[in-house]
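Me: Can you walk me through this model? Short answers are fine.

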Amino acid sequence: MIKNQSLPIALTVVVFGVLVALLYGFILLLNRFTGTDILLQVRWGDVLVGLTIYLKTSVDFALIIGNLMSEYNGVKNRIAIEVGTAVGNALGTLIVLTIWNFFRDVEWLLAIMIFVAALVLLRLAQDGFEHVHQWDAKFPGWFKNFSGGLELILTKINGFVAPALKYIIPHPTLKPTKGLTFVGLFVASFTIPFILGLDDFAGYVPLFSIVNVFGFAIGVFAGHMILNMALFISPKKTIVAVKNPLISFAGSVVFIGLAIWGFYEVFKLLFGH
């Protein structure tokens with residue numbers, strides 16, 4: 001299986017390197033237009049944070065792209081999927097990075113962005129509990145009550161903000177379109193991670209006050225590369241791994257904590273002077 005996918009797997013590494021180089025040049029360009037530079041320093045802790053959080057939020061991506069890979073076999077189709085998904089994820093990341101870079105010098109605009117990001121994190125946290133329920137029979141009663149209580153709170157909060165948040169977090173279908181050409185498959189592969197990457201990276205904004213954005217973004221790109229490699233080797237096993245209930249639960253709790261921290265940052269920006 002690995003031998004049959006050697007070219008697409010090698011391509012993931014090449015594309016990752018190209019995108020990191022583009023990220024470096026893009027940040028150099030952004031630094032020309034703002035008073036506070038984004039540091040072009042790679043700290044491995046920041047890379048690890050970006051990689052870990054990306055893999056936690058990648059369930060939807062793994063499901064959708066895994067279905068595409070199952071529908072479209074062959075090296076040519078895998079190349080379209082790899083390049084399309086990598087470029088889509090990177091472009092979504094760069095757009096959010098650009099918005100944050102200009103908003104951070106205007107406190108009320110930054111506060112709005114962090115507030116929206118915190119709402120996105122709460123929605124991502126709720127989504128994580130869906131995978132916990134699939135294993136309810138294997139967990140003790142106290143754990144099910146605790147996770148159920150958290151999910152109930154999130155459901156009420158997210159239900160209240162859903163009319164506005166639905167324009168930020170779309171729900172792409174998990175079913176692959178049949179009969180796509182190479183170009184059509186590339187566009188489909190690009191669109192899905194672009195939308196998901198835009199949403200997920202927007203949710204990470206509260207972290208930007210403690211992590212180096214450059215290293216964090218490299219971690220996100222690396223996470224995408226690793227996930228694509230795993231999907232090329234075995235889509236079914238990769239999907240099972242990213243849906244692990246304990247990982248989903250831990251990630252959801254982390255997202256709740258980041259959201260609360262985001263709301264606190266908003267309070268400090270607006271009322272802390």
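Reply: Here is a quick tour, covering confidence, fold, core, surface and salt bridges.

Me: What kind of model is it, and what is the average pLDDT of the chain?

Reply: It is a predicted model. The chain averages a pLDDT of 77. A score of at least 70 is reached by 78% of the residues.

Me: Where is confidence lowest, and where is it highest?

Reply: Helix 7, residues 182-203, is the low point, with a mean of 66. Helix 1 is the high point, at 90.

Me: How many helices and strands are there?

Reply: The chain has 10 helices and 0 strands. Read from the N terminus, the order is α-α-α-α-α-α-α-α-α-α.

Me: What share of the contacts is long range, say at least 24 apart?

Reply: Take the contacts between residues at least 6 apart in sequence. Of these, 87% join residues at least 24 apart.

Me: And how much of the chain is buried?

Reply: Buried residues account for 49% of the 273 in the chain.

Me: OK, the core. How many residues are in the largest nonpolar one?

Reply: It has 64 residues. Those with the most contacts inside it are Leu-23, Leu-97, Trp-100, Val-205, Phe-208 and Phe-216.

Me: Which elements give two or more residues to this core?

Reply: Helix 1 (6-30), helix 2 (44-56), helix 3 (59-71) and helix 4 (75-103) are among them. So are helix 5, helix 6 (141-165), helix 8 (213-233) and helix 10. Helix 5 gives the largest share, 13 residues.

Me: Switching to the surface. What is the accessible area?

Reply: About 13300 Å² for the chain. Carbon and sulfur atoms hold 72% of that.

Me: Which residues make the nonpolar surface patch?

Reply: Val-106, Trp-108, Ile-112, Phe-267, Leu-270 and Phe-271. The patch covers about 620 Å². Helix 5 (107-133) and helix 10 (245-271) each give two or more residues to it. The largest share, 3 residues, is from helix 10.

Me: Where is Trp-108, and is it buried or exposed?

Reply: Trp-108 sits in helix 5. Its relative accessible area is 52%, so Trp-108 counts as exposed.

Me: Now charges. How many salt bridges?

Reply: The structure holds 2. In one, Arg-43 pairs with Asp-46, with the closest N and O atoms 2.7 Å apart. In the other, Lys-268 pairs with Glu-265 at 3.5 Å, N to O.

Me: Back to Arg-43 and Asp-46. Why is Asp-46 called buried?

Reply: Because its relative accessibility is 6%, and the cut-off for buried is under 20%. Arg-43 is partly exposed, at 37%.

Me: And the other pair, where do Lys-268 and Glu-265 lie?

Reply: Both are in helix 10. They are 3 residues apart, about one turn of the helix. Lys-268 is partly exposed, at 36% relative accessibility. Glu-265 is buried, at 14%.

Me: Last one, the loops. Where is Gly-35?

Reply: Gly-35 is in the loop between helix 1 and helix 2. With a relative accessible area of 77%, Gly-35 is exposed.

Me: How far apart are Gly-35 and Asn-101 in space?

Reply: 10.0 Å, C-alpha to C-alpha. In sequence, Gly-35 and Asn-101 are 66 residues apart.

Technical notes. Residues numbered from 1 in each chain as written. Predicted model: local features only at pLDDT ≥ 70, side-chain atom pairs only at ≥ 80, totals over all residues. Heavy atoms only, no water. Patch = residues over 30% accessible without salt bridge, like charges linked within 9 Å, V, L, I, M, F, W, Y side chains within 5 Å. Areas by Shrake-Rupley, 256 points an atom, 1.4 Å probe, with all protein chains shown as cover. Salt bridge = Lys/Arg side-chain N within 4 Å of Asp/Glu carboxyl O. Helix = DSSP H or I, 4+ residues; strand = E, 2+ residues; numbered from the N terminus. Buried < 20%, exposed > 50% of the residue type's maximum accessible area, 1.4 Å probe, protein only. Core = buried A, V, L, I, M, F, W, Y, C linked by side-chain atoms within 4.5 Å. Contact = heavy atoms within 4.5 Å. pLDDT = per-residue confidence, 0-100.
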